[in-house]
Amino acid sequence: MSQQKPTPSSSTNRVKVLRTFPRFNVSQRWEHGILLICIAILLLTGLPQKYSSSTWSQTIISSPERLAFIQLIHHITALVLTALVLYHLAKAGYLLARRKLPGDMLPVLQDIKDAWNMLLYLIYIKKQKPAFGKYNFEQKVTYWFLFFSIGIMVISGYVRWFPEAVTRVLPGGVIPAAIMAHSTEAMATAIFIVIWHFYHVHIERLNLSIFSGWLNEEDMRKYHSLEYDQLVHQPHSSQDSGDLSHEA
Amino acid sequence: MSKITLVTKLPGIFLVIGFLSQASLLWYTTAHASEPAQQTEEYCLSCHSNPDLKTTLPSGETLSLYISPEKLKDSVHSPNGIECEACHTNITTYPHPPIEYQTIRDLSRSYYAACQKCHPDNYTKTMDSMHAQAAEAGDLDAPICTDCHGSHYVHPPDQPRTLIPSTCGNCHTKEYSVYQSSVHGNALEQESNPDVPVCTTCHGVHNIQDPTTQQFRVDEPDLCASCHANEEMMSKYGLSAEVYSLYSLSWHGVNVSVYDARWPTVQHNSAVCSDCHGIHDILKPNDPNSSVNPNNLLVTCQKCHPGVGPNWTGAWTGHYEVSLERSPFLYYVEWFYSIFTPMILWICGIYVALQIIRLIVDRARRSLR
């Protein structure tokens, strides 16, 4: 899908210049990597506890010691994830305070229009996909869904980890509610990641920009045409804009 | 003209054989029951009906040798022809052989082995019991058959049913008096209630097991459920029969069921019924002295969760359906996710399916062009 057809004017021996466009900075790539590992570990250690009566779970949790060990891993990973969330929020706060927080990820009315047009495109009413900027509505949905989902998971996780302390402040009814929310939200998140996120980054096209940090020209033109036009038509400021300023 | 072959005779032969084998059974049992007309009782009682008949054992204890003829006639054995020599097998003549027992207990512990002859199943069961273990460990006062059932004057042990706790209470005095004041014991003694558990309902009869083991602990919810999950029985007393099934879904119940199913002997502290409701001292929850009375509940929780605040009891949902009145947080969370999770599944699924269809159709068109 991403192979380039040589234009009629180009000779076969021409050195092809592959233009790449910075997309994610080092911090964002590390954040994603750590998040990915954390969620994977939390799911792998959490699901056997949720489905403790199933055979596959009993193979994993074969003894009370194993259960305690799995819980320990879950707790340690949760602490790492909490640190990541705090880092993410602190960075956003810092950038916001210095008025450098890029607004690309904020949901706007255009996203709803894009989603509607996309739906019309998918059911063959429109011929063209809507043109997207740096983050299309699908990517914004991914970010914000996981943002709130992780928020719920972290809060409900700590409530059931430290129920005695929590009920000093909050009514007791939040404990069973947190137990339920933690377990159910985990399933909703897992479903979302597997169906929505995996489709968009693996099947629709293999998009590794979150690991490499850059996107090639064709993908830019095809999937982020508004951003591409903006960058290409303002060549001097293009490589240096927004939060990508320190990208190597 | 009539062909009487072996085949046509066969049903008749079976019938005859069947009848004979059934009849022989009848003959065998009647013969067996009528056989031990031992005729010893009358003979023995000619001396032993004397209330003053006694002897002194080497230990210095006085052993009364008096047998009340009236009470003996009233026992289960004598009217069925099971008379003195059935158990006193070592006494066949008069004058009797010399008594070789040092103490009365010695004598009892020797004679009770005779029960095994006719009651081998129950006798064997007692060998596995807590009581047998105590005897093995050297406690000669550990109960033997005759301690609970009596020796000469044996009656059905559960008639009336109140007899069971009082029999156990002969030794277990503290447990008995606590039980008497519990909701179960009180209903038994005051109302002769046929449904409430007596000692043997929970502890078993002859093979009484150690109730302090982990195995007993994790099995306990099932034990209580054998009555408290019985819809018919609970409805008589206006009690919910859902307490067990709802408990099984609760935090404590899930933990206990995992341990019960997989590691029943591993020490585990998730609360079972008796941890909150008490054991022999179970009271109605609205009794001011009940450990689960709303006023006492926090103290009960603090047994396992030391230092928790007053809000803590609100976290308990183990016997109630999720409802807006009782558990509003849980109610709204459950309501939210009952919509949210399927919604996420459907939206993601449909959207991605549409994209895949469009992608495949576009590619197919391009390649066909």
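**Note on the predicted model: the A–B contact and the build of chain A**

1. The contact between the two chains draws 32 residues from chain B and 29 residues from chain A. The structure is a predicted model, and the points below should be read with that in mind.

2. On the chain B side of this contact, the elements that give two or more residues are α17 (251–262) and α20 (328–368) of chain B. Of these residues, 16 come from α20(B), which is the largest share of the side that touches chain A. Sorted by class, the side of chain B that touches chain A holds 18 nonpolar, 11 polar and 3 charged residues.

3. Since α20(B) provides that largest share, its geometry deserves a separate look. With 41 residues at 1.5 Å a residue, α20(B) should span 60 Å, and because its end C-alpha atoms lie 59 Å apart, the expected and modelled spans agree. A reader tracing α20(B) will nevertheless find a bend of about 25° at Tyr337(B).

4. Which residues of α20(B) are buried? They are Phe329(B), Leu330(B), Val333(B), Ile344(B) and Cys348(B). The partner against which the buried residues of α20(B) pack is α7 (174–203) of chain A, so named here to link this point with the description of chain A that follows.

5. Chain A contains 11 helices and 2 strands, and when it is read along the sequence these elements follow the pattern β-α-α-α-α-α-α-α-α-β-α-α-α. Chain A has 248 residues, of which 23% count as buried. Among the contacts in chain A that join residues at least 6 apart in sequence, 71% are between residues at least 24 apart.

6. Chain A is divided into two domains, with domain 1 covering 24–101 and domain 2 covering 106–234. The centres of domain 1 and domain 2 of chain A, taken over C-alpha atoms, are separated by 17 Å, and the contact between them takes 12 residues from domain 1 and 11 residues from domain 2.

7. On the side of domain 1 of chain A that touches domain 2 of chain A, α1 (26–50) and α3 (64–97) of chain A each supply at least two residues. The residues of that side of domain 1 divide into 5 nonpolar, 5 polar and 2 charged, a breakdown that can be read beside the 18 nonpolar, 11 polar and 3 charged residues on the side of chain B that touches chain A.

Key:
Residues numbered from 1 in each chain as written. Chains lettered and ligands numbered in written order. Predicted model: local features only at pLDDT ≥ 70, side-chain atom pairs only at ≥ 80, totals over all residues. Domains from an automatic or database assignment. Contact = placed C-beta atoms within 7 Å. Helix = DSSP H or I, 4+ residues; strand = E, 2+ residues; numbered from the N terminus. Nonpolar A, V, L, I, M, F, W, Y, C, P; charged D, E, K, R; others polar. Buried ≥ 20, exposed ≤ 12 C-beta atoms within 10 Å, placed from the backbone. Expected span 1.5 Å × (residues − 1). Bend = angle between axes of the 7 residues up to and from the residue.
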